[in-house]
Amino acid sequence: MIRKRTAVMAAALAAAVSMVVAGAPANQAPKDDTAATGSSSGAAVDPTLARILQAFDKAQRETGTLVASFTEKKDLKLLARPVLSRGEFYYNRPNQVRWEYLDPDRKVFVITEDMYIAYYPALKRAEEVPIKKFVGKRLFRFLGVGQSIDELGKYYEFRLAPQSDLKDTYLLVLVPRKKKLAERVAEMKIWVDTTTFLPRQLQYVESDGDSTLLAFQDIRTNVAVAASRFHLDLPKDVVVSESFNGFSLGEQSF
């Protein structure tokens, strides 16, 4: 159970990052509607879904920076009440990301071109892992951090829900194609804003029914973000590990 929870929480964060900031490179557009829908079966393409995904990719290609606050709600079968958290998200193209949880427990995850850093102030623990160690790792490969809709379509089938329960959004449903991924992920849902085509909410549903819902507020794009956001000066009394633990150090509140 601990191993499963650790892997799922790592996947949830990576998936959320990929959905918020993933986009094709600036000089790359979806090859065709089939690629944009993530469909490789040869089945008829939903033109509305294709249009939404192409606009989704375009919006992200045009996003140099993104800042937002977020709330997180985790519904776990083992707990009587949902676990609620809140924090702030920062992104700087092409590969700088900062997730900072502020309440109820502070923890910070920073990803740059060279390094992944996790900091758990209450535990006085941290992880510093070179990004090169993740090259080829299944977690970052099949969740598509920094990949386009076309790449994500290799691992997920995209569907458009008939209607959305969140005003002024399209509801996209992603179903895993790969057996290994499906063992952990039942589906992902993305609520895409009908005007900006950026994510407003993301829900990650596990195979056992547990779920994580991330809702983004006060989304600002192409604003100045200080370089210091992506640099952590760890206190001297913090124990730093060079191994990746899949966010398990902070799982009591993640």
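Hi everyone. Let me start with one term: a contact here means heavy atoms within 4.5 Å. With that in hand, here is a first look at the chain. In the protein chain, 55% of the contacts with a separation of 6 or more are between residues 24 or more positions apart.

Before going further, please keep in mind that this is a predicted model. How confident is the predictor in the chain? The mean pLDDT of the protein chain is 79, and 73% of the residues reach 70 or more. That confidence varies along the chain. Strand E8, residues 169–176, has the highest mean pLDDT among the elements, at 95, whereas helix H4, residues 138–142, has the lowest, at 40. Two stretches deserve some caution. Over residues 19–36 the pLDDT is below 50, and in the model this stretch has 52 contacts beyond near neighbours in sequence. Residues 136–146 also have pLDDT below 50, with 28 contacts beyond near neighbours in sequence.

Now for the overall inventory. The protein chain has 6 helices and 12 strands. Of its 254 residues, 49% are buried. The accessible surface comes to about 12500 Å², and carbon and sulfur atoms account for 51% of that.

Let's go inside. In soluble globular proteins, nonpolar side chains tend to be buried together. In this model, the largest nonpolar core has 39 residues, and Trp99 and Leu172 touch the most other members. Which element gives the largest share of this core? That would be helix H3, residues 47–61, with 6 residues. Apart from this core lies another one, of 11 residues, including Val67, Tyr90, Tyr119 and Val225.

Next, the strands, and I'd like to walk you through them from E1 onwards. Strand E1, residues 65–75, runs antiparallel to E2, and 10 bridges join the two. If you want a place to look, find Lys74, which stands opposite Val83 in E2. E1 has another partner too: E1 and E11 pair in the antiparallel sense over 9 bridges. In that pairing, Leu66 has Thr221 of E11 as its bridge partner.

From E2 we move on to E3. Strand E2, residues 83–92, pairs with strand E3, residues 96–103, in the antiparallel sense over 7 bridges. The two form a hairpin with 3 residues between them. Here we meet a familiar residue from the core: Phe89 stands opposite Trp99 in E3. E3 then pairs with strand E4, residues 107–111, again in the antiparallel sense, over 5 bridges. A hairpin of 3 residues joins E3 to E4, and Tyr101 has Lys107 in E4 as its bridge partner.

Let's jump along to E9, E10 and E11. Strand E9, residues 185–193, pairs with E10 in the antiparallel sense over 7 bridges. Met188 stands opposite Tyr204 in E10. The hairpin of E9 and E10 has 5 residues between the strands, and in it Phe197 takes a positive phi near 60°. On to the next pairing: E10 and E11 are antiparallel, over 5 bridges. Gln201 has Ala215 in E11 as its bridge partner.

Is E10 enclosed or open, and why? E10 is largely enclosed by the rest of the structure, because 7 of its 8 residues are buried.

I'd like to finish on one residue, Asp208. Where does Asp208 sit? It lies in the loop between strand E10, residues 199–206, and strand E11, residues 211–221. In the hairpin of these two strands, with 4 residues between them, Gly209 takes a positive phi near 100°. Is Asp208 buried or partly exposed? Its relative accessibility is 24%, so Asp208 counts as partly exposed, given that buried means under 20%. Its side chain has a polar atom 3.0 Å from the backbone nitrogen of Asp210. Asp208 and Arg184 are 24 residues apart along the chain, and their C-alpha atoms are separated by 8.0 Å.

To recap the route: we went from the confidence values to the cores, then through the strand pairs, and ended in the loop that holds Asp208. If you open the model yourself, Trp99 is a nice place to begin, as a member of the largest nonpolar core and the residue opposite Phe89. Thanks for listening!

Technical notes:
Residues numbered from 1 in each chain as written. Predicted model: local features only at pLDDT ≥ 70, side-chain atom pairs only at ≥ 80, totals over all residues. Heavy atoms only, no water. Buried < 20%, exposed > 50% of the residue type's maximum accessible area, 1.4 Å probe, protein only. Areas by Shrake-Rupley, 256 points an atom, 1.4 Å probe, with all protein chains shown as cover. pLDDT = per-residue confidence, 0-100. Core = buried A, V, L, I, M, F, W, Y, C linked by side-chain atoms within 4.5 Å. Polar contact = N/O pair within 3.5 Å; in protein donor to acceptor, adjacent residues only side chain to side chain. Pairing = 2+ DSSP bridges.
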